[in-house]
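Please work through the following exercises with the sequence and the three-dimensional model at hand. Each task is followed by a solution in steps.

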Amino acid sequence: MRSYRELFRTPEFTPFFLAASAQTVAQTMGGLALGTLVYRATESPLLSALSMFGSSLVQVLGATLLLSAADRLPPRAALTALPLLFAAGTAALALPGLPIWALLAIVLAMGLAKSVGGGVRWGLLNEILSKDGYLLGRSVFNMMSGLMQIAGYATGGALVALLSPRISLLASAALYLLAAAVVRLGLTSRPPRASGRPSVSATWRANALLWSSAPRRQAYLALWIPNGLVVGCESLYVSYAPDSAGTLFAFAALGMLAGDVLVGRLVPPRLRPRLGFPLLLLLAAPYVPFLLHPPLPLAAAAVTLASVGFGASLVQQERLVALTPDAMTGHALGLHSAGMLTMQGVAATLAGSVAQLTSPAGAMTAMATVSAGVTLALMAAARRERRGPVPARLTPRPGCSPPGHRPR
């Protein structure tokens, strides 16, 4: 599969894509509205960052306890139920007079549900498309994410400015309902990829197997840490520029779109593996000068350039899929998604704490510097690995396969 036209001619890809698009707009609109609502009430960069990205903090619990459900739930049923849950939670966030602790509790509960949703979604994408179509399909989803984030932040910013954050939250809830309807009507019913009941023990066994390979561990760390730290920078947009946060978010999404087009469509496959670490360095470097408080046009240009570096995740995901057996694809990609979102939540909390003690600009520079340092350490580890023996592709050993595994 080599073209976008082939993707959209694939049965079920279009409704799957449209439902995810609606959810992305809903998430960005709701996040910006909630962050603004909390900042207006508290004037706290930490609480504002937590309200926008705190749901990511509980992803690690989902990855530890619930992730075996990603391959053991019927995909259509799961992807219909989750946006219905998010719609109810987002509508509850719009209730007047809700205390901050209750807002954060709802955000964390929604994050726990999202930890399973990523594995279900990306495992289903791997079923809808052929094996060689996954990277192109994922790049289209990443590009969609950039465009829908631009639309979501622009629309959400307008609703917040012209009406109120609560109206934006209600609009977000309506989009979640639309996503649920598209999934229910547009996708066919499929059985789970693996039989057996989801359980904590099954999750632990699969996680241990996936984590047992050094190359896979390095791929996961490259996917989780450097970009998570940069998301910590993004979590401070509201406190850095309260009246222009929507603009910065929109330009960051534009840069992410450009990076996904570059890596997913324009770069030849033989060159892609060489771009992973340079793109991660690009992701961090433009945030370092924020200590100097650049004016809004320069700040927007910097975040656009930096976000091109998010294209590095496609390089690492391609490697992850190549090293993962088909029966564990949903779990493996769910672990990537949960770990990535957890790191984003941790980084947002850390960035908000540093900003509380210093300033948002100083915290952004600090997070970017640490991100670049982690990338350089991972580059050194990768060089050492290349000097050693070539690792074999991961295959489950007898007794280590998830219970009820069905060969495909």
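The exercises below treat a surface patch, a helix pair and two loop residues.

The model is predicted, so local features need pLDDT of at least 70, side-chain atom pairs count only at pLDDT 80 or more, and totals for chains, interfaces and linings use all residues. Residues are numbered from 1 along each chain as its sequence is written, and side-chain values use heavy atoms, with hydrogens and water left out.

**Exercise 1. Identify the residues of the nonpolar patch on the surface and the helices that supply at least two of them.**

Step 1. A patch is made of residues with over 30% relative accessible area and no salt bridge; nonpolar side chains (Val, Leu, Ile, Met, Phe, Trp, Tyr) are joined within 5 Å, and like charges within 9 Å. A salt bridge is a side-chain nitrogen of Lys or Arg within 4 Å of a carboxyl oxygen of Asp or Glu. Accessible areas come from the Shrake-Rupley method with a 1.4 Å probe, and for residues only the protein chains shown count as cover.

Step 2. The members are V60, L61, L65, L112, V200 and W204, which together have about 490 Å² of accessible area.

Step 3. At least two residues each come from helix 4 (59-65) and helix 9 (200-211); helices are DSSP runs of H or I with at least four residues, numbered from the N terminus. Helix 4 gives the largest share, three residues.

Step 4. V200 belongs to helix 9. Its relative accessible area of 33% makes V200 partly exposed, that is, between buried (under 20%) and exposed (over 50%).

**Exercise 2. Describe how helix 6 and helix 16 pack.**

Step 1. Helix 6 (residues 100-128) and helix 16 (residues 329-357) have axes 7 Å apart, at an angle of about 135°.

Step 2. Helix 6 is therefore oblique to helix 16; angles under 35 degrees count as roughly parallel, over 145 as roughly antiparallel, 65 to 115 as roughly perpendicular and the rest as oblique.

Step 3. A residue to locate in helix 6 is A105. A105 is partly exposed, at 39% relative accessible area. Its C-alpha atom is separated by 9.7 Å from that of S51, 54 residues apart along the chain.

**Exercise 3. Where do E12 and H293 lie, and what is the phi of each?**

Step 1. E12 is in the loop between helix 1 (4-9) and helix 2 (13-42). Although not a glycine, E12 has a positive phi of about 80°.

Step 2. E12 counts as buried because its relative accessibility is 15%.

Step 3. H293 is in the loop between helix 13 (272-284) and helix 14 (296-307). H293, not a glycine, has a positive phi of about 55°.

Notes
Buried < 20%, exposed > 50% of the residue type's maximum accessible area, 1.4 Å probe, protein only. Axes fitted to C-alpha atoms, helices over the stretch in contact; angles between N-to-C directions.
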